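Reader: Hello! I am new to this structure and would love a close look at one part of it. Could you walk me through it?

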Amino acid sequence: MDKTLIIFKPDCMKKMLLGTVLSRFEAEGFSVAGCKMMQLDSALLREHYAHIAELPFFPQIESFMASEPVVVMILQGEGVVGKVRELLGPTDSTKAPAGTIRGDFGETVMKNVVHASDGPEAAEAEIKRFFSESDFIK
């Protein structure tokens with residue numbers, strides 16, 4: 001069973017869209033294998049965004065992602081990584097078509113409702129970053 005990491009970002013939480021977005025994932029046949037609410041701290045954000053942590057815009061991302069508690073989730077299902085990215089639409093919400101999650105609810109590149117792993121290897125690493133083995137159903 002394929003798995004991916006989802007982070008319902010602060011804008012999703014503020015707009016109370018968690019249930020709406022999750023229902024879209026469930027309508028595609030994906031199930032929740034792990035879920036928790038957490039406040040992201042600087043150390044975890046620097047690890048998660050290591051590929052951009054030294055860029056000048058990172059402090060804005062860090063501030064945004066730490067601004068509200070988020071929900072992190074493991075979704076599972078056949079082809080979940082690619083299909084979730086398809087459902088989300090492009091990272092830049094202003095370029096995401098209507099009918100995609102980001103097109104319907106996102107605002108910008110940063111305020112784009114949901115983070116999702118961009119490939120199977122990233123999903124595995126991200127799940128290990130946010131969850132321990134005892135946190136999810138196998």
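In which strand does His115 lie, and what surrounds this residue?

Author: Happy to help! Please keep in mind that this is a predicted model. His115 lies in strand S4. Its relative accessibility is 14%, and buried means under 20%, so His115 counts as buried.

Now for the neighbours. Leaving aside residues up to four places away in sequence, His115 touches Leu5, Ile6, Ile7, Lys9, His48, Arg102 and Glu126. With one of these, His48, there is a polar contact from side chain to side chain, at 3.5 Å.

Another of the residues that His115 touches, Glu126, leads us to helix H7, which spans residues 120–130. Glu126 is one of the buried residues of H7, together with Ala123, Ile127 and Phe130. These four cover an arc of only 105° around the axis, which puts them on the same side of H7. The face turned away from that buried side carries the exposed residues Glu121 and Lys128.

What does the buried side of H7 pack against? Its buried residues pack against strand S4 (114–116), and also against S1, strand S2 (31–38), helix H3 (42–48), strand S3 (70–76) and helix H5 (80–88).

One of those partners, S1, covers residues 3–8 and includes Phe8. Phe8 is buried, as is Phe25. The structure holds two aromatic pairs. In one of them, the ring centres of Phe8 and Phe25 are 6.5 Å apart and the planes meet at 55°, so this pair is tilted. Phe25 belongs to helix H2 (residues 18–27), so the pair ties S1 to a part 17 residues apart in sequence.

Notes
Residues are numbered from 1 along each chain as its sequence is written. This is a predicted model: local features need pLDDT of at least 70, side-chain atom pairs count only at pLDDT 80 or more; totals for chains, interfaces and linings use all residues. Side-chain values use heavy atoms; hydrogens and water are left out. Rings of Phe, Tyr and Trp (its six-membered ring) pair if their centres lie within 6.5 Å; planes under 30 degrees apart count as stacked, over 60 as edge-to-face and the rest as tilted. Helices (H or I, at least four residues) and strands (E, at least two) are DSSP runs, numbered from the N terminus. Buried means under 20% relative accessible area, exposed over 50%, partly exposed in between (1.4 Å probe, protein chains only). The arc is that of the directions from the helix axis to the C-beta atoms. Contact means heavy atoms within 4.5 Å. A polar contact is a pair of N or O atoms within 3.5 Å; within protein, one must be able to donate a hydrogen and the other to accept it, and residues adjacent in sequence count only if both atoms are side-chain atoms.
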